[in-house]
Amino acid sequence: MHSISICKFCGKEKKLIKAHIIPRNFYLDYKNEQYMRVDELSGKFTIKQNGSYDKNILCAECDGKILGKFDQEGYRILLDEIYKHCLYRDDKVKIYNLSSEYYDYNKLRKFFISILWKASISSLPEYSYIQLGEYEDKALAILKGIASYEDLFKIYIYKYPKDKDYNKFTYITKTKIANYKTFVLNMAGCMIFIILNGKNHPYTKGNHPISKMIINNKNFCIIESEDLYVQHQRMAEQKMQEMWRKGYKPPFAPKL
Ligand SMILES: [Zn+2]
């Protein structure tokens, strides 16, 4: 059953639809995949089947025709385009470099912001710890194209090597980096960092190596790292062993 309510994007009274917080395309194996919610403070986690949707936030038009356009650009870049732009490779690391002729900066930036904004406005318990606070309205203004707030939502991406099992783990969490509030989206084999307010952040300074990775309207790098994947895998295995002991059925058998 659909509910008639106020769409949080257009503000109109509309029939609301099942809006996925993380678009379905970014679950690499949607049918079999399980979504892991990690509580960053306690380290506790819960498992959800097939991702999360909220049926109280968006109308079909805003979800499909507006935010859906941003999703398409995110999907095109992360799962296809970047592979055409490998600048450097060795056994452990690949560096991809995209210049602006290959991506739509505004759509790509808005894609990541839209996931955070949806998680923030959602009242689903698994996103209760993702709160944009005073930045929630600013995120909406960016998504609507009313303002750009270029100091906010500074985004950079690390990739895990392709076709690895643990790439199926999808979650959003938050942390602090250099004492700045940062959100982390782990999805589609990528670890995406979003610095909430990047004004004067050390990573945004031109001499910092990560500054080359921050998505901007000229070009940016994505680093693919075997070592990062190994860390990710180790964490996922620990979580799966815990799940196993608690009686959850993980996406695949943990190494005990
Ligand atoms: Zn709407």
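**Strand E9, its sheet and its aromatic contacts**

Lys162 lies over the face of Tyr83, 4.4 Å from the ring centre, where a charge is taken to sit over a ring if NZ of Lys or CZ of Arg is within 6 Å of the ring centre and within 35 degrees of the ring normal. By the same definition, Lys138 is placed over the face of Tyr149, at 5.7 Å from the ring centre. The model is a predicted one, in which local features need pLDDT of at least 70 and side-chain atom pairs count only at pLDDT 80 or more, whereas totals for chains, interfaces and linings use all residues. Residues are numbered from 1 along each chain as its sequence is written, and side-chain values use heavy atoms, with hydrogens and water left out.

An open sheet of seven strands, with mixed pairing, follows the order E7-E8-E13-E9-E12-E11-E10; strands (E, at least two residues) and helices (H or I, at least four) are DSSP runs numbered from the N terminus, and two strands pair if DSSP finds at least two bridges between them. At the edges are strand E7 (86-89) and strand E10 (171-177), each of which pairs on one side only. From one strand to the next the twist averages 25°, with axes fitted as lines to C-alpha atoms, for helices over the stretch in contact, and angles running from 0 to 180 degrees between N-to-C directions. Helix H1 (residues 60-79) packs on the sheet, touching E8, E9, E11, E12 and E13 (contact: heavy atoms within 4.5 Å), and its direction makes about 130° with that of E12. Helix H2 (residues 105-121) also packs on the sheet, touching E9, E10, E11, E12 and E13, and its direction makes about 105° with that of E9.

Strand E9 (residues 152-159) is mostly covered, with eight of its eight residues buried (under 20% relative accessible area, with exposed over 50% and partly exposed in between, for a 1.4 Å probe and protein chains only). E9 pairs with strand E12 (residues 190-197) in the antiparallel sense over seven bridges, and Lys154 has Ile195 as its bridge partner in E12. Two bridges join E9 to strand E13 (residues 219-225) in parallel; in E13, Ile223 is the bridge partner of Tyr158 and Glu224 that of Lys159.

Aromatic pairs number nine, with rings of Phe, Tyr and Trp (its six-membered ring) paired if their centres lie within 6.5 Å, and planes under 30 degrees apart counted as stacked, over 60 as edge-to-face and the rest as tilted. The rings of Tyr156 and Phe193 are stacked, because their centres are 5.0 Å apart and their planes are at 10°. This pair links Tyr156 in E9 with Phe193 in E12, 37 residues apart, and both residues are buried. The rings of Tyr156 and Tyr203 have centres 5.7 Å apart and planes at 75°, so this pair is edge-to-face.
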